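Let's walk through this one together, question by question. Have the viewer open and follow along.

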Amino acid sequence: MSEPTEEEIVRTALREQLGDAVSTRPPESAAELRARSGRPSLRLPDTKLVVAVAAALILVVALFTAGALHHSSDQPTPVHHTGGDAFSVRPLLCYAAPYQGPTTDGTTAQVLPGCSSASSLNALAIGVGVGGSSLAGYSSNLAGIPVDDTFAAYPSTPPAQALPASTVLLDGTPGSGPDRYVLGPAGLTGGDVASASARQVAGQWLVELVLTPQGATRWDALASQQFHALVGIVVNDRVVSAPITQPTQSSFTPFDGQLEIGGSFDHAQATAAASAIVGSK
Amino acid sequence: MDRRDGAAFDAFYTASWGRLFGQAYVLTGDRETAQDLTQEALLRAWRRWDRITGYEDPEGWTRRVLHNLCIESWRRGRTRSAHRPVDAPPTPDIPVHHHELAQAMRDLPGDQARALLLHDGLAMTVPETAAELGVPEGTVRSWLSRSRKVVAARITQSEQSDQPPVRRS
């Protein structure tokens with residue numbers, strides 16, 4: 001008997017495995033899947049063209065209800081609050097260049113200029129197109145909107161001055177996305193969060209938030225104001241995630257008090273973020 | 001107004017689920033990840049269902065989305081792979097060589113793994129595979145011969161090891 005060729009070995013292994021799977025049953029019915037498809041989502045834009053750092057950009061912030069997470073392999077790690085002020089969600093106004101100026105003492109008050117019109121991340125400039133042939137389910141001009149270089153002369157806002165009502169200039173997460181972000185007044189803060197849990201979905205760690213009734217209303221107000229534009233999610237004075245609101249939908253759908261934050265989190269970071277968020281109530 | 005045909009989608013879902021899941025499992029080697037990504041791909045298909053059914057092969061569209069999701073999931077997992085060289089222990093109902101196959105696929109560049117899955121797994125022709133991946137046919141042929149060597153070596157090695165593959169009866 002002659003030895004099987006490489007092609008035969010591979011073909012046999014692949015087809016056997018594919019054949020075995022054909023009889024596997026889906027985890028939910030088609031009707032269940034359709035029922036959750038209308039729920040709103042946030043998507044992290046593909047910023048590969050905006051910044052050169054690609055590794056940590058495979059981030060998707062999506063909103064599912066807990067029901068959509070029934071395959072997560074780890075139980076959520078609930079975290080209880082202690083006090084502080086470490087969490088906010090703010091409208092994202094523009095991406096900002098790294099600070100190039102002299103070293104500061106980190107306490108100097110800064111009056112920030114507005115974002116230049118070329119860099120402004122408003123919904124009109126982003127120009128989300130729902131559907132199209134894109135795999136992501138939407139298209140946008142986001143990759144063509146430049147980082148605002150004016151801010152190279154401005155240090156990041158010191159934590160003590162990053163008040164909810166202020167416009168702030170904050171750092172991003174090292175190795176992930178733009179260097180810095182200019183963000184408007186907070187639409188959601190730690191007091192709006194009822195609970196936060198770290199959980200794993202499809203191998204990726206996420207922070208899942210359940211909002212208070214008042215928080216749910218405030219989040220919908222911010223998200224609808226930023227529909228097809230971006231929000232920045234701030235934890236401990238850093239932007240951990242900056243998703244587009246509902247880019248695959250042609251009109252805004254309320255979030256029903258739930259919010260999932262995806263980032264380049266590992267387990268420890270997701271737990272720490274959840275802890276910081278509920279700690280800021 | 002929702003013009004989408006729910007009944008047609010449900011029939012498509014039932015008919016294609018096992019095939020799509022199998023491909024995701026070949027590419028990820030992890031049952032839960034494969035299930036999650038299959039659901040995500042089908043969710044996207046339903047969101048665009050009115051368009052997809054109009055002029056395209058719905059399973060082909062969903063398959064492309066799914067394969068991309070699987071390859072993306074490798075990149076997310078790669079940072080952790082130093083701590084977890086073997087992704088997950090094979091569960092009792094999964095033959096050992098299935099796990100080896102998925103590991104070998106993950107060692108390939110994403111496009112090569114997709115080419116192998118489409119051509120050798122799904123029995124697509126070289127021109128069909130080239131069209132799906134958007135590369136010349138010659139590229140597909142050279143990818144196939146290169147990636148078969150890697151995968152065949154890995155499977156053969158595992159079959160000759162002390163732990164024989166457990167096959168389903």
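Q: How many helices and strands does chain A have?
A: Keep in mind that this is a predicted model. Chain A mixes both kinds of element, and its count comes to five helices and 14 strands.

Q: And what about chain B: how many helices and strands there?
A: Going from the N terminus, the elements of chain B read α-α-α-α-α-α-α-α. The tally for chain B is therefore, with helices and strands taken as DSSP runs, eight helices and zero strands.

Q: What percentage of chain B counts as buried?
A: Start with contacts in chain B between residues at least 6 apart in sequence: 68% of them join residues at least 24 apart. As for burial, chain B has 169 residues, and the buried share is 46%.

Q: What percentage of the residues in chain A are buried?
A: In chain A, 74% of the contacts with a separation of 6 or more come from residues 24 or more positions apart. Out of 281 residues in chain A, the buried part is 45%.

Q: Where is confidence lowest in chain A?
A: Chain A has a mean pLDDT of 77, with 75% of its residues at 70 or more. Over residues 46-84 of chain A the pLDDT is below 50, though this stretch still has 98 contacts in the model beyond near neighbours in sequence. Confidence in chain A peaks in β3(A), at 95, while the lowest mean, 44, belongs to strand β2 (residues 77-78).

Q: Which element gives the most to the side of chain A that touches chain B?
A: The contact draws 32 residues from chain A and 46 residues from chain B. On the chain A side, α1 (6-22) and α2 (30-37) each supply at least two residues. That side divides into 16 nonpolar, eleven polar and five charged residues. With twelve residues, the top contributor is α1(A).

Q: Is C115(A) buried or exposed?
A: Look in the loop between β3 (87-96) and α3 (123-126) of chain A, where C115(A) is found. Setting aside neighbours within four places in sequence, C115(A) contacts L93(A), C94(A), S120(A), D148(A) and V182(A). Since 20 or more other C-beta atoms within 10 Å is the cut-off, and C115(A) has 20 of them, C115(A) is buried.

Q: What distance separates the C-alpha atoms of C115(A) and Y95(A)?
A: Along the chain, C115(A) and Y95(A) are 20 residues apart. In space, their C-alpha atoms are separated by 8.7 Å.

Q: How are α1(B) and α2(B) oriented, oblique or roughly parallel?
A: The axes of α1(B) and helix α2 (residues 31-47) of chain B come within 8 Å and cross at roughly 140 degrees. Angles over 145 would count as roughly antiparallel, so α1(B) is, relative to α2(B), oblique.

Q: What is the class make-up of the contact of α1(B) with α2(B)?
A: The crossing is right-handed. From α1(B) the contact includes F9(B), Y13(B) and W17(B), and from α2(B) it includes R31(B), L42(B) and W46(B). By class, the residues come to twelve nonpolar, four polar and one charged.

Q: What handedness does the crossing of α1(B) and α6(B) have?
A: Helix α1 (residues 6-28) and helix α6 (residues 110-121) of chain B have axes that come within 11 Å and cross at roughly 135 degrees. That angle makes α1(B) oblique to α6(B). Q23(B), V26(B) and L27(B) of α1(B) meet A113(B), L117(B) and G121(B) of α6(B). As α1(B) passes α6(B), the crossing is right-handed.

Technical notes
Residues are numbered from 1 along each chain as its sequence is written. Chains are lettered from A and ligands numbered from 1 in the order in which they are written. This is a predicted model: local features need pLDDT of at least 70, side-chain atom pairs count only at pLDDT 80 or more; totals for chains, interfaces and linings use all residues. Two residues are in contact if their C-beta atoms, placed from the backbone, lie within 7 Å. Helices (H or I, at least four residues) and strands (E, at least two) are DSSP runs, numbered from the N terminus. Ala, Val, Leu, Ile, Met, Phe, Trp, Tyr, Cys and Pro count as nonpolar, Asp, Glu, Lys and Arg as charged, and the others, Gly among them, as polar. A residue is buried if 20 or more other C-beta atoms lie within 10 Å of its own, exposed if 12 or fewer, and partly exposed in between; C-beta atoms are placed from the backbone. Axes are lines fitted to C-alpha atoms, for helices over the stretch in contact, and angles run from 0 to 180 degrees between N-to-C directions. Angles under 35 degrees count as roughly parallel, over 145 as roughly antiparallel, 65 to 115 as roughly perpendicular and the rest as oblique. A crossing is left-handed if the near helix is turned anticlockwise from the far one by less than a right angle, and right-handed if clockwise. pLDDT is the predictor's confidence in each residue, from 0 to 100.
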